Every structure is written in structure tokens, then in C-alpha cells.
Amino acid sequence: MNHDWEEFRREMPVAQKWAYFDHAAVAPLSQPARNAIERWLAQATEEGDTVWPEWSKQVERTRRNFALALGARPEEIAFIPNTTTGIGLVAEGFRWNAGDNIVTLENEFPSNIYPWLNLQRRDVETRMAPVEPDGRVDLKKLLATCDEHTRIIAISWVGYASGWRVNLNEIVDLAHRRGILVFVDAIQGLGVFPLDVAKTKVDFLAADGHKWLLGPEGAGVLYIRREHLERLDPLMIGWNSVMQQQDFSRIELTLRGEAARYEGGSQNMAGVAALGASAEMLIRYGWGKSISAIGQRVMLVTDSACLQLEHLGAKIITNRDGDHRSGIVLFELPGKDPQAVRRHCLQNNVALSCRAGRLRIAAHAYNDLQDLDRLIEALRSA
């Protein structure tokens with residue numbers, strides 16, 4: 001395990017030009033991800049499908065690494081093109097009864113709302129639990145939104161527009177006591193914070209790799225607890241979904257007893273290879289299921305950013321309460337238009353976002369004091 005953050009920074013070419021604080025939107029690719037794509041591109045153009053077996057082995061290696069990082073089994077991991085696909089596979093595949101409901105939060109990202117709202121045609125209600133003005137999730141209000149017909153709680157690990165990180169242990173425990181399953185949109189936490197699904201028994205989890213995992217868009221992961229495979233009706237079934245996936249002449253609809261049954265057909269080999277390369281890098285620098293040096297470093301950088309923002313006169317909107325902290329911070333500069341401030345920052349090679357009418361930074365473990373100084377100077381001169 002390597003905790004040399006300067007070396008990690010050298011793995012991120014974007015740092016040569018940008019003070020990059022936009023990982024909660026679309027992160028820059030890591031150098032290992034770039035190398036993986038360039039290798040795939042050379043092979044695909046020079047060797048054709050003669051190297052397909054090598055690509056397939058890389059896919060399975062990536063599957064094992066994600067299982068290792070999550071405390072899962074490889075057969076519980078599937079690769080998906082985006083978080084929305086993972087949510088849709090659960091929403092559409094789950095065996096609902098008329099009158100059932102799912103509960104989510106009123107400030108969720110649209111991808112964790114629309115697939116559930118779309119179930120109204122099946123007489124399934126989507127309920128949205130209220131959150132506090134600073135994005136805090138009150139579990140009493142969340143549970144009060146549930147009733148005896150609630151089948152799933154669908155919740156983000158970290159709020160994209162609040163930075164609030166929920167306590168998954170507590171939510172899963174409270175939900176399971178009531179016979180409610182838990183789906184986690186993990187895109188704003190996976191790759192940074194530790195999660196052992198053998199202990200924190202989330203039922204379903206999905207995340208694309210283009211944020212904190214430092215991979216490309218179009219390659220993500222879906223976790224389905226093994227015991228729930230038969231609770232989801234098969235969707236998007238193809239040659240790769242069945243037991244005899246390499247025997248194209250044998251047509252028998254016998255699904256694989258693994259989450260990979262939901263991968264359907266041909267995979268995004270280049271994307272998964274790049275995602276796998278970044279994941280290996282993060283694991284090497286301390287991302288793990290029980291403790292994460294990556295997460296600790298992100299908290300250190302983000303806490304420093306908050307301190308400097310306050311000295312600048314910014315109003316921190318995100319609640320920074322203990323283990324509910326994340327790498328996401330929303331703030332306001334009194335009297336300043338956030339969109340105009342963002343444009344000014346981009347002109348000065350400082351990347352950040354606007355969400356919910358506020359400025360948002362999202363620091364990663366390779367960000368350093370130099371990046372923070374550039375951020376503060378760009379904001380000061382805005």
C-alpha cells in the first residue's frame with residue numbers, strides 16, 4: 001500500500017495544468033486508465049479480435065478487484081454503462097405488487113428518481129422523504145415516509161448537491177428490521193470511502209466510474225447480493241446472460257447464476273479495462289473495504305479547503321459533521337453570481353461546478369496545497 005500522495009499526483013496528468021475540483025461531475029482520467037485505453041486501441045487496430053481472450057481476462061480481473069474492494073464475491077458484480085442502467089435493472093426487474101412503494105430523498109440526483117417514478121404505470125408509488133436545508137438526512141423522517149407497503153429504500157451514499165454522506169450501516173439495519181431492501185447509488189462515494197458489503201448488507205448498489213474512480217464515462221459497476229438474483233426478473237438478456245454463453249449454437253434460456261447475467265451482450269472492453277486500471281491504482285494507494293487512506297486524504301484536503309473558504313468570507317452550505325463529511329462542499333460567495341464565478345475560475349484553469357444555485361468543489365486525494373491556493377486566488381479575484 002502506497003501513501004505517497006505526490007506520486008499519486010503524478011498519476012494524474014490533469015494536475016499539470018488544472019487545479020481540478022470537479023470530481024463529483026466528470027473526473028479526469030488517471031494515467032493508468034489512459035494507458036489501458038491506448039493499449040486496447042493499439043491491439044484493436046493492429047490485432048483485431050485475436051486478443052479478445054486477453055480483454056476478457058482483464059474484465060474478470062477487474063470484477064475480482066471490485067469484489068475485493070467491496071467485500072463482495074465476484075459473482076455479485078456486473079459491469080454496466082452507467083448508474084442509471086443499474087437503477088433501471090433493479091427498478092424494472094423487481095417483482096412489484098400493485099400498491100407497493102419505494103422511498104427515496106427529495107434532493108436525489110434525477111437518475112435515482114425517474115426510474116422509480118416510471119413505475120407508476122405498474123401502480124407503484126414513489127415517495128420522497130424530506131431533507132434538511134443543508135442536505136442532512138434525518139433518518140426519522142426517512143423512516144416516517146415508509147409504511148408496510150415499502151419494498152425498497154433508494155438512497156445516495158453521498159448527496160451530489162449537499163455533500164452529506166449517509167450512514168449506510170444505520171440505514172440498512174433500520175430498513176432490514178422492517179423488511180425493506182436498500183438500493184445505494186454509490187457514484188459519489190465509491191473509490192474513496194470504505195464499504196464492506198459483507199458487514200453493511202446493502203442489497204443493491206450501482207455506480208458509474210467517471211467520478212471518484214477516475215475512469216471513463218460508460219463503464220460502471222452493479223452489485224447485487226447473491227440471494228437477490230432470483231428476485232429480479234431478467235432484463236436485456238443476450239448471449240452473455242446464459243450458462244453456455246460461448247456456445248452460440250446451443251439455444252437454452254438457462255441464466256448464469258451470477259450478476260453478470262445482466263451484462264447481456266458485448267461489453268465496453270476499453271472502458272472496463274480503463275476502469276479496472278484506475279481501480280487498481282486506487283487500491284494500491286489505500287482504497288479498501290474496511291479503511292481507506294484515499295478517503296482520509298480526501299477529508300484532509302477538503303477540510304483545509306473549507307477553512308480557507310471561510311477565511312475568504314465564503315458561506316459553507318454543506319454540513320461538515322463528523323463521518324457525514326465527504327469530498328463535496330457547496331458554498332456561496334455573498335453578492336457573487338455563482339455561474340459568473342465559475343466562468344472566471346475556468347478561465348484561470350480552476351475547475352469547479354455550480355449545483356442547486358451554489359458553487360461546488362469536489363477534491364480528490366491528489367489535490368494539494370498548491371491547488372487550494374489557486375482555487376482561493378481565483379475565487380478572490382472573481
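In what order do the seven strands of the open sheet line up? They run β2-β8-β7-β6-β5-β3-β4, with mixed pairing. Keep in mind that this is a predicted model. Besides the sheet, the things to look at here are a nonpolar core, helix α9 and a couple of cysteines.

**The sheet**
- Strands β2 (77-80) and β4 (125-129) sit at the edges, so to speak: each of them pairs on one side only.
- Ignore direction, and neighbouring strands of this sheet are turned by 20° against each other on average.
- Helix α3 (residues 52-70) packs on the sheet, where α3 touches β2 and β8 (220-224). The direction of α3 makes about 120° with that of β2.
- Over at β4, the partner is β3 (residues 101-105), and the two pair in the parallel sense over five bridges. If you want a spot to find them by, look for L105, which stands opposite A129 in β4.
- As general background, strands of a sheet pair through backbone hydrogen bonds, either parallel or antiparallel.

**The nonpolar core**
- The largest nonpolar core takes in 76 residues.
- Within that core, F8, F66, W157, L190 and I294 touch the most other members.
- Take I294: leaving out residues up to four places away in sequence, I294 touches W5, F8, G191, V192, L282, Y285, G286, W287, H364 and A365.

**Helix α9**
- Helix α9 covers residues 293-312, which is 20 residues. From first C-alpha to last, α9 reaches 29 Å, close to the 28 Å expected at 1.5 Å a residue.
- Plenty to pick out along this helix: A293, I294, G295, R297, V298, M299, V301, T302, A305, C306 and L309 are buried.
- An α-helix has 3.6 residues a turn, so residues three or four places apart point the same way.
- What covers the buried residues of α9 includes the helices α1 (5-10), α8 (269-284) and α11 (369-381). The cover also includes the strands β9 (315-316), β10 (328-332) and β13 (358-362).
- Right after α9 comes G313, and its phi is positive, near 105°.

**Cysteines**
- The disulfide count for this structure is zero.
- For C345, the nearest cysteine sulfur is that of C354, 9.0 Å away, and C345 is in no disulfide. C345 is buried, with a relative accessible area of 0%.
- Likewise, C354 is in no disulfide, and the nearest cysteine sulfur to it is that of C345. C354 is buried too, with a relative accessible area of 12%.

Terms used. Residues are numbered from 1 along each chain as its sequence is written. This is a predicted model: local features need pLDDT of at least 70, side-chain atom pairs count only at pLDDT 80 or more; totals for chains, interfaces and linings use all residues. Side-chain values use heavy atoms; hydrogens and water are left out. A nonpolar core is a set of buried Ala, Val, Leu, Ile, Met, Phe, Trp, Tyr and Cys residues joined through side-chain atoms within 4.5 Å. Buried means under 20% relative accessible area, exposed over 50%, partly exposed in between (1.4 Å probe, protein chains only). Contact means heavy atoms within 4.5 Å. Two strands pair if DSSP finds at least two bridges between them. Helices (H or I, at least four residues) and strands (E, at least two) are DSSP runs, numbered from the N terminus. Axes are lines fitted to C-alpha atoms, for helices over the stretch in contact, and angles run from 0 to 180 degrees between N-to-C directions. A disulfide is a pair of cysteine sulfur atoms within 2.5 Å. The expected span of a helix is 1.5 Å times one less than its number of residues.
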